[in-house]
Amino acid sequence: MGSRLFHRLSCSTLFCRKDCIFRTNYRLLSSLKGGQVVVRFAKASHFDEVLKLSRKLKDTFDYVPYRLHKWLQESNRIPLVAEIGTDVVGFEECSILDGEESVLLEAGRIDPDHRHQGILGLLRSLGPSLIREKFPKVFRTRYTVWSGAYQAVKKTNQKRNIYDEELYHYDFLSYKVEPEHVSFKYKLENCTKLKPCPKEEFKKHILENASTSSLFPDNMLAIDWQPFKAIPTNFESIVQDQDRYFVDSSNDLAGALTSFSLGRFVQLVRGQVWTSTIYAKDSKLCQSHVIHQLTSACQSAKGSFLFSTFQDPSLTRFHNWLTEPNRINIVAEKGSKVVGFMGMSVVDCEESVVIEVDPEQVNFEHKLENCSSLRPYPKEEFQKNVLKNTGTRSLLPNNILVIDWQPFEAILSNIEHISQDRDQYFVDSPSGCQGQLNPLSFSLGRCVLLVCGMVRSSTIYAKDSKLCRSHVIHQSKSACQTAQGSFYFSTYQDPSLTKYCKEVLHYIPGVTRINDEEPTQTMFIFEGKLEANTIK
């Protein structure tokens with residue numbers, strides 16, 4: 001699950017290399033390992049070089065080519081370029097916010113051929129120096145970091161003795177949407193009704209309303225990876241014409257807000273993305289905002305698009321867990337701020353192979369001819385002949401049954417926690433598992449939705465390689481029959497069976513091993529004694 005972290009730092013230590021910096025005509029020069037680097041304000045004539053830099057990055061989420069011309073026309077935005085000779089080797093955009101007291105740094109880009117030469121650090125150090133010549137009141141910087149780059153940024157900051165404060169972080173989820181196939185009827189009937197919030201009301205009742213500070217962490221409002229102080233002076237920087245705002249208030253915006261969301265379409269290299277941020281104090285309101293934002297996006301979309309939501313980490317899975325009676329969710333709060341979260345399942349309570357599958361290309365004919373015939377297993381028989389059958393303990397290590405990374409003791413009281421409506425079970429035994437005979441093999445699989453897409457998660461229990469191969473083929477065939485597009489197929493099995501799982505899926509058209517060069521991944525299961533500790 002990805003997130004970006006919000007930081008702030010003082011601008012008091014800007015010149016860290018005065019011995020090699022020279023100033024002339026709104027530009028700064030510095031001598032680095034790769035040669036003399038010039039940092040200057042970007043101009044329209046730099047567009048072709050910036051576009052060339054974007055293409056070299058091969059980043060389908062890049063948005064700079066679609067925004068540079070607009071940025072150059074806005075008085076509070078200052079795009080910067082770093083040049084070696086006539087080549088643009090670095091880029092960063094700076095926005096002046098919070099009544100000209102803060103600068104938001106974004107869109108940092110470095111030419112792949114000139115990385116690890118200190119150019120981004122130079123932009124970060126020298127850029128604010130240029131900015132303060134135009135905006136002398138600026139005293140803080142703010143920026144966001146993707147979780148995939150978080151450790152690298154921390155390392156760079158430590159190397160340069162920059163001690164930025166981490167303010168907050170959001171989870172974000174992304175989905176591909178085909179508007180013509182989306183139906184909201186059931187979802188809209190079961191979610192809280194929200195009120196569209198016009199831009200004028202957004203300014204009056206949210207940015208000018210001090211009570212909203214309890215809804216926005218650190219009174220910070222984020223949209224499209226950009227964090228703004230929720231204050232009236234940032235109104236023009238936050239809003240765009242096509243934005244969609246939704247609000248829920250018990251007294252029609254007159255009192256404290258209980259939830260708020262804002263969303264918009266943004267153009268990236270890979271296509272259109274509807275980016276939305278959700279602020280809500282409970283899971284039901286969070287769900288309602290997600291559905292309303294997605295509905296709004298579908299109504300204005302002109303084809304398929306990506307849909308992305310940003311929310312407090314406690315809300316990412318909260319809406320599912322709160323509806324399950326065996327789930328206990330605990331939050332730790334500091335004042336009104338949630339600073340910790342843990343979800344627990346009350347139950348009695350393997351190596352993995354991950355495959356990418358394109359159902360339209362898969363042909364199992366040859367594989368099925370050479371594998372054992374297995375029997376689909378209804379949920380009722382699974383309950384009767386597996387969970388009630390003590391003979392299965394020789395098949396299940398420590399009598400623990402695993403599905404979708406969750407280990408359960410194979411006992412009857414766990415049936416509602418183990419099984420889901422669309423699970424698929426297969427079994428092989430001397431008499432089809434009738435008459436309480438011990439099964440020789442057993443498998444269970446289900447589809448789960450992750451940020452990366454749909455995954456068919458299957459666990460295989462078998463006493464020999466042929467039965468193991470048969471279960472893999474039957475589970476993957478079952479997944480292809482119900483799939484609505486490509487998906488990931490993942491198997492969990494005893495390490496002694498892993499090579500057979502790989503072999504049986506080898507050379508099947510439409511099935512591709514993920515990260516074939518890397519070692520097989522492993523799941524470790526731990527168990528301990530839960531004791532009541534006295535907090536002193």
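Select K70, E74, R77, E93 and E106 together: in this predicted model, these five residues are linked in a network of salt bridges. Let's walk through some of its links one at a time.

**Inside the network**

Zoom in on K70 and E74. They form a salt bridge, and their closest N and O atoms are 2.4 Å apart. Now color K70 by accessibility. Is K70 buried, partly exposed or exposed? K70 counts as partly exposed, because its relative accessibility is 49%, and a residue has to be over 50% to be called exposed.

Next, pick R77 and E93. Their side chains meet in a salt bridge as well, with 3.4 Å from N to O. Show the ribbon here: R77 sits in strand β5 (residues 77–84) and E93 in strand β6 (residues 87–97), so this pair ties together parts that are 16 residues apart in sequence. Both R77 and E93 are buried.

**One more salt bridge**

Move on to E201 and K195. Here, too, the side chains meet in a salt bridge, at 3.7 Å from N to O. E201 is partly exposed, with a relative accessible area of 25%, and K195 is partly exposed at 31%. If you would like to keep hunting, a search of the whole structure finds 15 salt bridges.

**Strand β24, a buried arginine and an exposed leucine**

Select residues 441–450, which make up strand β24. Start with R446, which lies in this strand. Is R446 buried or exposed? R446 counts as buried, because its relative accessibility is 2% and the cut-off for buried is under 20%.

What does the side chain of R446 reach at 2.5 Å? It is the backbone oxygen of I418. Turn on D423 too: a polar contact of 2.9 Å joins its side chain to that of R446. To see more of the surroundings, show the residues that R446 touches beyond its neighbours within four places in sequence; among them are I403, D404, Q406, S419 and Q420. V455, R456 and S457 are also in contact with R446.

Now slide along the strand to L449, which is also in β24. L449 is exposed, with a relative accessible area of 52%. Add Y175 and M454 to your selection and switch to a surface view. With L449, these residues form a nonpolar patch on the surface, and together the three have about 270 Å² of accessible area.

**Two residues with positive phi**

Most residues other than glycine have a negative phi. Your next two stops depart from that pattern.

First, select W225, which is not a glycine and yet has a positive phi of about 70°. Where is W225? Look in the loop between β11 (220–223) and β12 (226–229). W225 is partly exposed, with a relative accessible area of 22%.

Then jump to N398, another residue other than glycine, where phi is positive and near 60°. N398 lies in the loop between α12 (379–387) and β21 (400–403). N398 counts as exposed, at 74% relative accessibility.

**Zoom out**

Finish with the whole protein chain in view. How many helices and strands are there? The chain has 15 helices and 28 strands. Of its 536 residues, 49% are buried. The chain exposes about 28,100 Å², and carbon and sulfur atoms supply 50% of that area.

Conventions
Residues are numbered from 1 along each chain as its sequence is written. This is a predicted model: local features need pLDDT of at least 70, side-chain atom pairs count only at pLDDT 80 or more; totals for chains, interfaces and linings use all residues. Side-chain values use heavy atoms; hydrogens and water are left out. Patches are made of residues with over 30% relative accessible area and no salt bridge: like charges are joined within 9 Å, nonpolar side chains (Val, Leu, Ile, Met, Phe, Trp, Tyr) within 5 Å. Accessible areas come from the Shrake-Rupley method with a 1.4 Å probe; for residues, only the protein chains shown count as cover. A salt bridge is a side-chain nitrogen of Lys or Arg within 4 Å of a carboxyl oxygen of Asp or Glu. Helices (H or I, at least four residues) and strands (E, at least two) are DSSP runs, numbered from the N terminus. Buried means under 20% relative accessible area, exposed over 50%, partly exposed in between (1.4 Å probe, protein chains only). A polar contact is a pair of N or O atoms within 3.5 Å; within protein, one must be able to donate a hydrogen and the other to accept it, and residues adjacent in sequence count only if both atoms are side-chain atoms. Contact means heavy atoms within 4.5 Å.
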